[in-house]
Amino acid sequence: MRLRFRLVQNQTRAKNRIKGLLYNYGISIPKEFTSNSRWSGYFINWLNSIELDSSAGTYTLRNLVLQLQQIRDHHKTVLRQLRQEVKNNNVITPIINSLT
């Protein structure tokens, strides 16, 4: 659970870095992506399609999006493992259910 909590924090930090970079380049997020707080695959694809004024900026954006995707993948893996633990361990199940 602690690992999951840290991954969620890292994911939030990565999103904030991306939003900050876009803000610095004067790029606003389209309304179709701001209605939902979750970052969909379509939104990630939109981020990957952006070309910034400088090649360094574009490289930085691509790197930040890649970091976010890696964190998301790791988060999915951890969630799967937590669900498996809950299934296999009757003692911890009520504790995990209370925490979530």
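This is a short tour of a predicted model, stop by stop. Residues are numbered from 1 along each chain as its sequence is written, and side-chain values use heavy atoms, without hydrogens or water. Local features need pLDDT of at least 70 and side-chain atom pairs count only at pLDDT 80 or more, while totals for chains, interfaces and linings use all residues.

**Stop 1: helix α1**

Select residues 2–24, helix α1 (a DSSP run of H or I, at least four residues). Pick Arg17 in this helix. Arg17 is partly exposed because its relative accessibility is 45% (buried is under 20%, exposed over 50%, partly exposed in between; 1.4 Å probe, protein chains only). Add Arg2, Arg6 and Arg13: with Arg17 they gather in a patch of positive charge on the surface. Such a patch takes residues with over 30% relative accessible area and no salt bridge, like charges being joined within 9 Å and nonpolar side chains (Val, Leu, Ile, Met, Phe, Trp, Tyr) within 5 Å.

Now select Lys15, also in helix α1. Lys15 is buried yet has no salt bridge (a side-chain nitrogen of Lys or Arg within 4 Å of a carboxyl oxygen of Asp or Glu). Asp73, the nearest side chain of opposite charge, is 13 Å away. What is Lys15 in contact with, leaving aside its neighbours within four places in sequence? Show Ser37, Trp39 and Leu68 (contact means heavy atoms within 4.5 Å).

**Stop 2: helix α4**

Go to Thr58 in helix α4, residues 55–88. Thr58 is buried, at 10% relative accessible area. Beyond neighbours within four places in sequence, Thr58 contacts Ile50, Glu51 and Leu52.

**Stop 3: helix α5**

Finish at Ile95 in helix α5, residues 93–99. Ile95 is partly exposed, at 49%. Add Met1 and Leu99 to see a nonpolar surface patch with Ile95.

Conventions: Accessible areas come from the Shrake-Rupley method with a 1.4 Å probe; for residues, only the protein chains shown count as cover. Lys and Arg count as positive and Asp and Glu as negative; His and the chain ends are not counted. The place of a charge is taken as NZ of Lys, CZ of Arg, CG of Asp or CD of Glu. Helices (H or I, at least four residues) and strands (E, at least two) are DSSP runs, numbered from the N terminus.
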